[in-house]
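Here are a few exercises to work through with the model open beside you. Try each task before reading its solution.

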Amino acid sequence: MKLEVVLFGVSDVDRAKAFYENLGWRFDIDIAEGDFRGVQITPPNSEASIIFGKGVTPNNPSSAHSLVLAVDNLDVAREDLIARGVNVSEVFHYAGGPFNNAVENPRVGGRDPQGRSYFSFASFEDPDGNLWLLQEIQTRPGSRVWNSTQTRDMDVATLANLLSETAEYHDRYEKTHAEHHWWDWYAPYLSARQNGSSPEESAAAADRYMEEVFPVLSR
């Protein structure tokens with residue numbers, strides 16, 4: 001079993017959709033039928049998605065609280081969100097340890113004094129007051145890593161479409177750069193796409209990879 005989707009309510013579906021797409025999250029699907037509308041969006045590099053919309057949850061005006069996003073670098077994540085126009089809190093840690101709101105004045109400004117993974121946070125809200133926490137996790141204990149030999153299979157049609165898309169974006173690179181091995185560009189592009197990046201972000205990642213590992217002159 002694995003967490004697949006978190007559902008929560010919003011008052012304005014289009015506004016919420018625009019907010020999360022502005023964060024750089026991947027848009028998956030938008031389904032409308034009668035009084036129902038559901039939008040699914042996935043954070044970068046996440047296998048779990050969010051779904052919000054109309055008729056998605058029981059009629060309940062309360063907002064979701066403390067949805068947690070794991071980040072490798074809290075400062076970089078904050079800067080990215082701020083650049084996108086999001087109001088992000090200053091970095092903080094919990095006086096009584098992660099998520100402990102049972103003590104008076106639970107949030108303390110600044111990073112965890114000991115610099116531990118899981119202990120430093122920042123927060124932001126979407127237009128409906130759904131609260132997100134950024135939690136910096138640089139290292140995970142062995143108990144947090146699943147032992148699994150299972151690999152995700154990709155059906156032939158999906159793989160064919162992805163390869164076609166990769167060829168299209170590589171064609172632009174190939175026309176502006178000197179001769180090179182196409183597979184060196186394909187590999188970082190495909191890796192980025194499978195990790196949730198958009199085609200444009202994946203193409204930029206492949207370009208950077210070529211510049212750093214296999215320097216190719218522009219024509």
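**Exercise 1. Describe how α4 and α5 pack: how close do their axes come, and at what angle do they cross?**

Step 1. In this predicted model, the axes of α4 and α5 come within 8 Å and cross at roughly 140 degrees. Axes here are lines fitted to C-alpha atoms, for helices over the stretch in contact, with angles from 0 to 180 degrees between N-to-C directions.

Step 2. That angle makes α4 oblique to α5. The classes are roughly parallel under 35 degrees, roughly antiparallel over 145, roughly perpendicular from 65 to 115, and oblique for the rest.

Step 3. The crossing of α4 past α5 is right-handed; that is, the near helix is turned clockwise from the far one by less than a right angle, whereas anticlockwise would be left-handed.

Step 4. On the α4 side, the contact (heavy atoms within 4.5 Å) is made by Asp184, Trp185, Pro188, Tyr189, Ala192 and Arg193. On the α5 side, the residues include Pro199, Ala203, Ala206 and Met210.

A note on the ground rules: residues are numbered from 1 along each chain as its sequence is written, and side-chain values use heavy atoms, with hydrogens and water left out. Local features need pLDDT of at least 70, side-chain atom pairs count only at pLDDT 80 or more, and totals for chains, interfaces and linings use all residues.

**Exercise 2. Work out which residues of α5 are buried, and which exposed residues lie on the face turned away from them.**

Step 1. Helix α5 covers residues 199-213, 15 in number, and reaches 21 Å from its first C-alpha to its last, close to the 21 Å expected at 1.5 Å a residue. The expected span is 1.5 Å times one less than the number of residues.

Step 2. Its buried residues (under 20% relative accessible area; exposed is over 50%, partly exposed in between, with a 1.4 Å probe and protein chains only) are Pro199, Ser202, Ala203, Ala206 and Met210. They cover an arc of only 100 degrees around the axis, so they sit on the same side of α5. The arc is taken from the directions from the helix axis to the C-beta atoms.

Step 3. α3 (156-176) and α4 (182-194) are among what covers these buried residues. The face turned away carries the exposed Glu200, Glu211 and Glu212.

**Exercise 3. Is Tyr118 buried or exposed?**

Step 1. Tyr118 is found in the loop between β7 and β8 (121-125), and has a positive phi of about 80 degrees although it is not a glycine.

Step 2. Its relative accessibility is 17%, so Tyr118 counts as buried.

Definitions and conventions. Helix = DSSP H or I, 4+ residues; strand = E, 2+ residues; numbered from the N terminus.
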